[in-house]
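Biologist: I am new to this structure and would be grateful for a close look at a single part of it. Please choose one element and describe its dimensions, its burial and what surrounds it.

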Amino acid sequence: MIIEQFIKQLRNSGVKLKLEQQQLICELPQNGVTATLRAEIVARKEELKQFLQRHAAQSSIVKARAKDSTDTTGLPLSCNQQVLWTDQQVHGCRSSFHMPFAFRLRGTLCRAALQYAVDQLVERHEVLRTVYRADETGAANQFIQHSQPVHINEVVLRQQEDADNRLAELLQQESAKPFDLNNDLMLRVTLVVLAEQEQVLLLTLHHIASDGWSMAVMLQEFTALYNGFIAADTSPLPALQLQYADYALWQHEWLASEAGERALDYWKAQLSNLPVVHNLKLDYRRPDTQSFKGATLKSLLKPEVLNALRELCRQEGATLFMGLHAMFAILLARLSGERDIVMGASAANRGQPELSGLIGFFVNMLVLRSDISSQATLRDLVQQSKQTLQDAYAHQQVPLVKLFEALKPARSLRHNPLFQIVLVLQNNEQSELEFSDLACEPMSLRHEGSKYDLTLGALETAEGLSLSWEYNSDVFNADTISDMAAYFNNLTATLLATPDSAIEDVPCLDQVMRSKLSHWQGEESEVTQDVWRLFEQQASEHGGRIAVRE
């Protein structure tokens, strides 16, 4: 669980945190807290302290900027928004930036309550009614539109043959419809009527106005507004202190400040001489241009292995994500033969409590770097991951695009810069719609594609740790990912049984897997392919020159 979510959990449990003379003070509710929560507070003491220190330094800036932010036209985009807006100008609208959620509703839906809830969401959150237009210089600005009733697109699909496939196709089509950033609301609502007592509600947002945390905020407020209307309570939610545009204004000021420059300097040092691309063997030659085609494979880490990983993390004062990061880095090192392992991980980037209830595009990608020493133990690497992640969270306000500008990594249309592998630990406390007069069930939407070469998603369940291996099908095949998933389970269980042994001294392979690992490391790597391709290119362009070693 990321630090912002943990702070939110503590607040909901009645735990109060404060700093006194740079010491963390924790006030527990009268009925106390669970032993598990108490242990996590102790384990994350330094992380909580750093969060409060950042908040103390940042919240006054946000409030000061918000007080002056009365103009609703010509406001700057946040750095995240600027990246998406620029991408759309170059590539056109891409559905990969759409965030759709669908719910099956059973019962008598109150249309008036539905309309009220949607309208109030758009009224409360200015970012949902903000459009993005270029000025005469070509620079993008955000323009906040006046609130007006939201159109709900209603489609009837009653008594049709092959109803399930037809519904899936319709939801796919509706969620993929392009957004016009110059004119559209950033929230689109579709109601599919299947029967008198059965409907499907599809909510689609554009990523320029939302992120994963925002979806939870939206669903919580949507529920409160709908149920409030049914109960004749038209003011179930407190007024918002800030809007996303206030954050965007503050972000530009903070990045230009001394604190922003220090944070950027941290990343420059941390990511110096970063590998251009991972060294995992590819099954296919990487295309000259990314297509973002992908597929997903599911696997499961058994409960006893997950519990052992949790216990090791507890002993080391680390979170589950820190332990998972260490294990994934070890896997990548084993498969690639490399010591310098780089991956991306998302951070909520809501360092100020005032931002927790806002809808907007706050999430930031962090670049995590691991040094997998041959003599390191699993405990050593969990401690390394703990320090790496704490430092990264302390500097998470620096947008990824600013790292691109500062580090100037080699750019290629063939792969992402800085990192091509991502790790995600999903929150298992997903918000859902809970209508007072309807039964509501979340629906899975078709998803095919991959933004990165490999994304490992993890979700804690009663059956264990559910793992989702999303991979770029242009470079990996399904068998390779299946073998990788099996090896990860074997590796994790074996290393957890001997956490104090040097990882390279621990045999984690049977004969079949050992043969496959040898194959993975014995072929021409992506790095080697890139070197030869660059050599050939230079020879072709400058054939008359003599090669000189600099």
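Modeller: The expected span of a helix is 1.5 Å times one less than its number of residues. Helices (H or I, at least four residues) and strands (E, at least two) are DSSP runs, numbered from the N terminus. The model is predicted, with local features needing pLDDT of at least 70 and side-chain atom pairs pLDDT 80 or more, while totals for chains, interfaces and linings use all residues. Residues are numbered from 1 along each chain as its sequence is written, and side-chain values use heavy atoms, without hydrogens or water.

The part chosen is helix H5, which runs over residues 111-124. With 14 residues at 1.5 Å a residue, H5 should span 20 Å, and the end C-alpha atoms of H5 are indeed 20 Å apart.

The next topic is burial. The buried residues of H5 are Ala-113, Leu-114, Tyr-116, Ala-117, Val-118, Asp-119, Leu-121, Val-122 and Arg-124; buried means under 20% relative accessible area, exposed over 50% and partly exposed in between (1.4 Å probe, protein chains only). The list thus includes Asp-119 and Arg-124 beside Leu-114 and Val-118. Which elements cover the buried residues of H5? Strand E6 (152-156), strand E7 (187-195), strand E8 (198-206) and helix H7 are among them, contact being counted for heavy atoms within 4.5 Å.

The link to H7 can be followed through one pair of rings. Tyr-116 and Phe-229 form an aromatic pair, 5.3 Å centre to centre with 40 degrees between the planes, and the pair is classed as tilted. Ring centres of Phe, Tyr or Trp (its six-membered ring) must lie within 6.5 Å, and planes under 30 degrees apart count as stacked, over 60 as edge-to-face and the rest as tilted. Because Tyr-116 belongs to H5 and Phe-229 to H7 (residues 212-230), this pair ties together parts that are 113 residues apart in sequence. Tyr-116 counts as buried at 16% relative accessibility, whereas Phe-229, at 30%, is partly exposed. The structure holds twelve aromatic pairs. Another of the aromatic pairs joins Phe-328 and Trp-469, whose ring centres are 6.2 Å apart and whose planes meet at 75 degrees, so that pair is edge-to-face. Phe-328 lies in helix H11 (residues 320-336) and Trp-469 in strand E15 (residues 464-472), 141 residues apart. Phe-328 is buried at a relative accessible area of 0%, and Trp-469 is also buried at 0%.

The strands that help to cover H5 deserve equal attention. E7 and E8, both part of that cover, form a hairpin with two residues between them. E7 pairs with E8 in the antiparallel sense over eight bridges; strands pair if DSSP finds at least two bridges between them. Within this pairing, Thr-190 has Leu-202 of E8 as its bridge partner. E8 also pairs with strand E3 (residues 98-106), again in the antiparallel sense, over nine bridges. Ala-102 stands opposite Leu-202 in E8. Leu-202 is therefore a partner both of Thr-190 and of Ala-102. E8 itself is mostly covered, with eight of its nine residues buried.

In summary, H5 has a span that agrees with the expected value, a ring pair that ties H5 to H7, and a cover that includes E6, E7 and E8.
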